[in-house]
Amino acid sequence: MPELPEVEVIRRFLNRNIVQEKIDSLDILYDRSVEFEGDFNASVLCGQRICFVDRKGKYLHLGLDRNDLVIHLRMTGQLYFEPEREPKDHIRWVMNFQSGRKLYFRDVRKFGRLVVHPKGAPKFCKNAEIGFEPWEMPLALWFDELKTERAIKAVLLDQHILAGVGNIYADEALYQSGIHPERKASSLDQHEANNLLMAVRVVMEKGIRFGGTTFRDYLGGDGKKGSMQDHLSVYQKTGSKCRKCSGPISRIKVAGRSSHFCPRCQK
Ligand SMILES: [Zn+2]
């Protein structure tokens, strides 16, 4: 599933390629892939300009003249232009621009969504506010959020605290900061808490630099795979040698998710 770095790579691609484009029409090939938060339909988009492409956690936010669009790729969503990528199966919608270009949304598992909101403050999460970007989380508030009996891995994955951290980057950040994924969050001292937040920022920045992580479906907007998977230390490395101590990487379940870690280096 795409995490913050993968979505940021796509945001940068879209920002370079679709800002100032005017929408001609939106062809919806799978009804449930597009939702409308208001009494309007796809025709409302006709003639509207893309003013900016922003991101909140794993959500893309496209600001138009009179509406806001929020896109969540979920498990397998891909965005790309024709004709740079094949195949053409599993396309859920096509955004046609007046310039003649077409932006395709391909999604094998069909969980991805494009939501059309009235102009204003688009909602990203249905139930609650989405958390801070890792770079914007104040250290004092972060330390406060850790005053809980939950496992530190569960706190890292909680989108209402930090936005955009998923399984890959959570495992990598815990490894970099030497913290066991099952540790009670409240057992981290201030120094460990700071180190962990810094590690989240560093692995995210590295992920963006390498164009994201591609194990299966993820593609940057230019249709290219990311290469961060070649630079991971623990994620999906069960049985491989730890880069620090040469011991074997283990896998356990924490908060219902597979967690990869070094039992010697992470306490
Ligand atoms: Zn180790």
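Contact here means heavy atoms within 4.5 Å, and the views below are drawn from a predicted model.

**View 1. Surroundings of R183 in the predicted model.** Apart from its neighbours within four places in sequence, R183 is in contact with R150, A151, I152, L188, E192 and K267. The residue belongs to the loop that runs between α4 (167–176) and α5 (190–209). Because buried means under 20% relative accessible area, R183 falls in that class with its value of 17%.

**View 2. Polar contacts made by the side chain of R183.** The side chain of R183 is joined to the side chain of S187 by a polar contact of 2.7 Å, while a polar atom of the R183 side chain also lies 2.8 Å from the backbone oxygen of K267. K267 is likewise one of the residues in contact with R183 once the neighbours within four places in sequence are set aside.

**View 3. Coordination of the zinc ion.** The SG atoms of C242, C245, C262 and C265 serve as the protein donors, at 2.2 to 2.4 Å from the zinc ion. The angles among these four donor atoms span 103 to 114°, and the site is tetrahedral. For four tetrahedral donors, the ideal angle at a metal is 109.5 degrees. Along the chain, the donors of the zinc ion follow the spacing C-x2-C-x16-C-x2-C.

**View 4. Accessibility of two zinc donors, C262 and C265.** C262 has a relative accessibility of 1% and therefore counts as buried, whereas C265, at 22% relative accessibility, counts as partly exposed. The cut-off that applies to both residues is 20% relative accessible area, under which a residue is called buried.

Terms used: Residues are numbered from 1 along each chain as its sequence is written. This is a predicted model: local features need pLDDT of at least 70, side-chain atom pairs count only at pLDDT 80 or more; totals for chains, interfaces and linings use all residues. Side-chain values use heavy atoms; hydrogens and water are left out. Donors are N, O and S atoms within 2.8 Å of the metal (3.2 Å for Na, K and Ca); water is not among the atoms, so sites may look incomplete. Four donors count as tetrahedral if all angles lie between 85 and 135 degrees; four count as square planar and six as octahedral if opposite donors are over 155 degrees apart and all others between 65 and 115; anything else is irregular. Buried means under 20% relative accessible area, exposed over 50%, partly exposed in between (1.4 Å probe, protein chains only). Helices (H or I, at least four residues) and strands (E, at least two) are DSSP runs, numbered from the N terminus. A polar contact is a pair of N or O atoms within 3.5 Å; within protein, one must be able to donate a hydrogen and the other to accept it, and residues adjacent in sequence count only if both atoms are side-chain atoms.
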